Amino acid sequence: MNILITGATSGIGQQLALDYVAQGDQVIVCGRNQQVLDELQARSPLLHSLALDVTNLKQCIKAFGQLPFVPDVWIFNAGVCEYIDDGELDSGLIKRVMDVNFFGVVHCLEAMIPYQAQGQQVVVVSSIAGELALPRAEAYGASKAAISYLTQALALDWERRGIALSLVMPGFVATPLTQKNTFSMPMMISVNEASQQIRQQLREGKRFIYLPKRFTTLLRLVAMLPYRWQQKLVQRWILS
Ligand SMILES: NC(=O)c1ccc[n+]([C@@H]2O[C@H](COP(=O)([O-])OP(=O)(O)OC[C@H]3O[C@@H](n4cnc5c(N)ncnc54)[C@H](OP(=O)(O)O)[C@@H]3O)[C@@H](O)[C@H]2O)c1
């Protein structure tokens, strides 16, 4: 299989890239960090690097025009997390997060259109944080809720073109992104576990991939409660 992964210089994306290569797939690894891209490319002839800032549509279009092959699987995983403290809204922060987590994916989706072919799989890495309002996650959660919605709406049309879209909804995964968190992260899993679960469920053709199962199921159940109950539970768990 031929696979492209954005955000492959670190964390979940890098682990997915290494695991796909270990099973004999060809992977194009994307990111901004040229040094890590060079190191990855040097590790295997199956790894190809592509420097790319997803916030820049022109760069995405140019980069996808230079692909060494057309991917069967496009994994749009690049993302950032910044928190809002004590409800002090900061539009600059929110724009930064939306630029990568929402518009970054939109740019990649738009830039891949000329290379679409029946049977391809598009995978968007969102977050369970997009399904339940959590404190300090005004920017991050909103960006993930937005990209989850866009992906599901797009799937209604693209699936008729023979393109399968899947959403990945992780809970906590141990990566440089979560390393910065100072709060407790229940049921956190390793990148190896995350990669294994994502790859297995993609192989099975799953459209929604929740991981780890117990933690994300718990949050989804809370999200189904009346709003006042959700608020009370989240305040008691996280803010008290
Ligand atoms: N870790 C978790 O617990 C968790 C939970 C839920 C969802 N997720 C989602 O999973 C995805 C991967 O997260 P991670 O935990 O693996 O994070 P990570 O280790 O911090 O990796 C983030 C990746 O995104 C890339 N990136 C950031 N800004 C970019 C930009 N402007 N253009 C291109 N690439 C950019 C980074 O590469 P460069 O710096 O080289 O550009 C890096 O490779 C994210 O979408 C995140 O929101 C993670």
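This is a short conversation about reading a predicted model of a protein with a ligand.

Reader: Let's start with the ligand. How many residues surround it, and which are the closest?

Author: A residue belongs to the surroundings if one of its heavy atoms lies within 4 Å of the ligand. Here 31 residues surround the ligand, and the closest are S10, R32, Y140, V173 and T175.

Reader: Which helices supply at least two residues of that shell?

Author: They are α1 (11-22), α5 (138-158) and α6 (176-179). Of the elements in the model, α6 gives the most to the shell, with three residues.

Reader: How do the residues of the shell divide into nonpolar, polar and charged?

Author: There are 14 nonpolar residues, 14 polar ones and three charged ones around the ligand.

Reader: What lies 2.6 Å from an oxygen atom of the ligand?

Author: A polar contact is a pair of N or O atoms within 3.5 Å. In this model, a polar side-chain atom of R32 is 2.6 Å from a ligand oxygen, and a polar side-chain atom of T175 is also 2.6 Å from an oxygen atom of the ligand. The backbone can take part too: a polar backbone atom of I12 lies 2.8 Å from a ligand oxygen. As for cover, the ligand taken alone exposes 880 Å², and the protein buries 92% of that.

Reader: Now a single residue. Is S127 buried or exposed?

Author: Buried means under 20% relative accessible area. S127 counts as buried because its relative accessibility is 6%. You will find S127 in the loop between β5 (121-125) and α5.

Reader: What does S127 touch?

Author: Leaving out residues up to four places away in sequence, S127 touches Y140, K144, V168, M169 and P170. There is also a polar contact: a polar atom of the S127 side chain lies 2.9 Å from the backbone nitrogen of A129.

Reader: And S143, where is that found?

Author: S143 is found in helix α5. With 0% relative accessibility, S143 counts as buried. Beyond its neighbours within four places in sequence, S143 is in contact with V97, M98, N101 and F102.

Reader: Let's look at a whole helix. Which residues of α8 are buried?

Author: In α8 (residues 213-223), F215, T216, L219 and V222 are buried. They lie on the same side of α8 because they cover an arc of only 120° around the axis. The face turned away from that buried side carries the exposed residues K213 and R214.

Reader: What covers the buried residues of α8?

Author: The cover includes β6 (164-170), β7 (208-211) and α9 (227-239).

Reader: What joins L211 and P212?

Author: Look at the angle omega: L211 and P212 are joined by a cis peptide bond, with omega about -15°. P212 sits in the loop between β7 and α8.

Reader: What about the backbone angle phi of D86?

Author: Check the sign and the residue type together. Phi of D86 is near 50°, a positive value in a residue other than glycine. D86 lies in the loop between β4 (73-76) and α4 (91-112), and D86 is exposed, with a relative accessible area of 76%.

Reader: And what is phi of R136 near?

Author: Phi of R136 is near 70°, a positive value in a residue other than glycine. R136 is in the loop between β5 and α5 and is partly exposed, at 29% relative accessible area.

Terms used: Residues numbered from 1 in each chain as written. Predicted model: local features only at pLDDT ≥ 70, side-chain atom pairs only at ≥ 80, totals over all residues. Heavy atoms only, no water. Polar contact = N/O pair within 3.5 Å; in protein donor to acceptor, adjacent residues only side chain to side chain. Areas by Shrake-Rupley, 256 points an atom, 1.4 Å probe, with all protein chains shown as cover. Helix = DSSP H or I, 4+ residues; strand = E, 2+ residues; numbered from the N terminus. Nonpolar A, V, L, I, M, F, W, Y, C, P; charged D, E, K, R; others polar. Buried < 20%, exposed > 50% of the residue type's maximum accessible area, 1.4 Å probe, protein only. Contact = heavy atoms within 4.5 Å. Arc of directions from axis to C-beta.
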